[in-house]
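Colleague: I've just pulled this model up and I'd like to go through it with you. Start with whatever vocabulary I'll need, please.

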Amino acid sequence: MSSHIEKPAKAGGFSSLQSTFKQVLRSQKTRQNIKNLLRVNQTDGFDCPGCAWGDNKQGAFQFCENGAKAVAWESTGKTVGADFFAEHSVRRLATQSDYWLEYQGRLTEPLRYNPATDHYEPVSWDQAFAIIADKLKSLASPDEVEFYTSGRASNEASYLYQLFGRLFGTNNFPDCSNMCHEASGVGLIQSVGVGKGTVVLDDFDAAKAIFVFGQNPGTNHPRMMNALRKAARQGCQIVTFNNLKEVALERFASPQSPAELLTPAATTISHQYLTPKLGGDMAAIRGMAKYILEEEGGRIDLAFIEQHTAHFERYLEQVKATEWTQIEAQSGLGREEITRAAQIFARSESVISCWAMGITQHKHSVDTIREIVNLHLMCGQIGKPGAGLCPVRGHSNVQGNRTMGINEKPNAAFLDRLERRFPVGFKRTPGHNVYEALKALHGGRSKVLVCLGGNLAAAAPDTEFTYEAMRRSELNVQISTKLNRSHLMVSKDALILPCLGRTELDLQRTGVQKITVEDTFSMVHASTGMNEPVSPLCLSEIDIVARMAEATLGSERVDWLALRDDYGLLRDLIEETIAGFGDFNRRIEEPCGFHLENSAALLRWNTASGRAEFRASRLPASILPECTSHAEQMVGEPVLLLQSLRSHDQYNTTIYGMDDRYRGIKGRRNVVFMNEEDARMLGLAEEQRVNMAAICNDGRERVVQGFSVIFYEIPRGNIAAYYPETNPLVAIESIGEGSFTPTSKSVPVLVTPSKAQVESLAVTV
């Protein structure tokens, strides 16, 4: 495939080192951030504010390129305060890019939106908390407030936040998991009884095969590449299923290896690299199961199935009834490719399967995850060294948030423990996830939005719908370190409350405080910031939540300010009310923290049957979202399936720069990766500007314009582009079955030259 772009021959290596120090220099705090990087993920240091990959605690360098970017982005010499907001109206700020907004620097004082002037203006902390308390107490129902949480909040802040919300009387806890890994939790709980991965980092050293589904760790979890590199060099066979060819999963050079750093040398990562169609992973995995059942029956672990599982016969019948023609057509892979992958799985003593949002953001993601589990159960690949399930989480504490009770559907056991400690009746009915919260705000059923971190406006789908939903709130409260798009979604009252970053010293009345986080592998460890806060007016997240709660609820049932003054007391409370946190304060003093017991890894199954459950789902009739049917027949033109993804200079909604080094993109983001044959079929040339229009039967027009075509190794019929730029194309009603996760990896679109007049492409059925 010819292309004007030049992809690097390998990922990592010297270019990664160069990028790291470029970000450190740009922070305007070079000396401080060099010291910071030596403290990242170290005992008595601070946890990386980037991804949730685990730490091996060996060596002075426990950070990756993305982690360095996250640290430098937070610990910057640039600040924005009252003068900045006096100069810039909200309307003017809304015309700027997401990159520009965050690049202005750290927020330094609390601010209130003045709708009469369209400017944010300084407000005291006491005034801010009084505004929040007065508004919450004026609501007709506690369910008129939405308590959103991002994955950067600590365990302590998350626990206090949910306790405040539940004592206020609501279970409305939409969080970033709802948009990313919700399908993992749903599928795993149904199949093995726990919504977390079953492996630890050491299992990657023992694995004989590692399967990577729908994931690009070179960009999104670079420290994972060191684990994959080490495994590959030890003879572990790595099989990758990824819609795009990503260089890091082909050849990776460790920046800590002198030979790979300074020469063209690199380690081959994937022994087999498969590029299924978008949404075709379930069919590919079903094909692996079918081959093993029909051709490798001796590899099936019948003893494990008999002792630990239920419904195998039902699953066996479903697999036999699935035809190879359907498997090949839906997966986009040949039978020989699938067979080779199945042989590696069946013949390996220990197998780990990893996945991320390439699996979770589809209509049938829950079924796909259950199919991965089925494969592991069939071969007994769970609950032994080097084997198990590994959903690779995104933000640094997104898993810990859920453990702490950030869940719109709290289970009865959790509420029972809370009620034993607090003699009140907690609400038992489900609250709102992100989808339901946005719908409630848009429809006027919710009046207040409180966001503990994150950038909901940029992260959520259906951009115009999301913007309008947030603007309709009567009070929009954003607890943030930096300016972002969510601060601009205002029409009435709004507050920006600046908080400390992970790198900063958290000094309360009883002294310097530690917070804790939980990584992908259920390891809980402490984090202690060391830098002087960027401003004396920045408060810790825990301080902000405690004072909101105290102003709203008073201190009769909970001494919120005492918990604020001493986080150890807060951890004592967590120990009392959340299973697995016994002796919490002592255990976080251990160098590597402690591991939360995983029942499935111990072959204990917290399911209705008391066993791990095979789930016998049919392959979907269509991989298109619910809101789309017969897309090409609806419009009479060729339809392509779009996935949104991150660039290499990006983490979640934070854009560090305009390059995507691993895909050969420099200085721009409005590009669309396309198979050359598809482009030629549509009469498009490389670098030609195009528009993309979503096909959905809800009657609304969704178009993005001015994207440059880039030829890329991607299956025919599929295209890819960056988010949040393509979020406007993801319909709010386009959600995964059983998960409510937006289907951002399967968006049917029309692609047309930009010079053509864009007519209404809304379809009414």
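Modeller: Buried area is the accessible area (1.4 Å probe) that two parts lose on being put together, summed over both. This is a predicted model, so local features need pLDDT of at least 70 and side-chain atom pairs count only at pLDDT 80 or more, while totals for chains, interfaces and linings use all residues. Residues are numbered from 1 along each chain as its sequence is written, and side-chain values use heavy atoms, leaving out hydrogens and water.

Colleague: Okay, how far apart are the centres of domain 2 and domain 3?

Modeller: The bounds come from an automatic or database domain assignment, with domain 2 spanning 79-179 + 397-593 and domain 3 spanning 181-393. Taken over C-alpha atoms, the separation of the two centres is 35 Å.

Colleague: And which three residues supply 54% of the area that domain 2 buries against domain 3?

Modeller: The area buried between domain 2 and domain 3 is about 970 Å², and carbon and sulfur atoms give 49% of that. On the domain 2 side, no other three residues give more of the buried area than Q399, T520 and F521.

Colleague: What is the strand order in the open sheet of six strands?

Modeller: Strands here are DSSP runs (E, at least two residues; helices are H or I, at least four), numbered from the N terminus, and two strands pair if DSSP finds at least two bridges between them. The edges are β5 (119-122) and β6 (145-149), each pairing on one side only. With mixed pairing, the order reads β5-β4-β17-β16-β15-β6.

Colleague: Why is β16 called largely enclosed by the rest of the structure?

Modeller: Buried means under 20% relative accessible area, exposed over 50%, and partly exposed in between (1.4 Å probe, protein chains only). L475, V477 and I479 point one way from β16, N476, Q478 and S480 point the other, and all are buried. So β16 (475-480) counts as largely enclosed because its buried residues number six of six.

Colleague: Which residue of β17 stands opposite I479?

Modeller: β16 and β17 run parallel and share six bridges. In β17, the residue opposite I479 is L497.

Colleague: Last one: which helix gives the most to the largest nonpolar core?

Modeller: A nonpolar core is a set of buried Ala, Val, Leu, Ile, Met, Phe, Trp, Tyr and Cys residues joined through side-chain atoms within 4.5 Å. The largest has 60 residues, and Y159 and L497 are among those touching the most other members. With eight residues in this core, the top contributor is helix α8.
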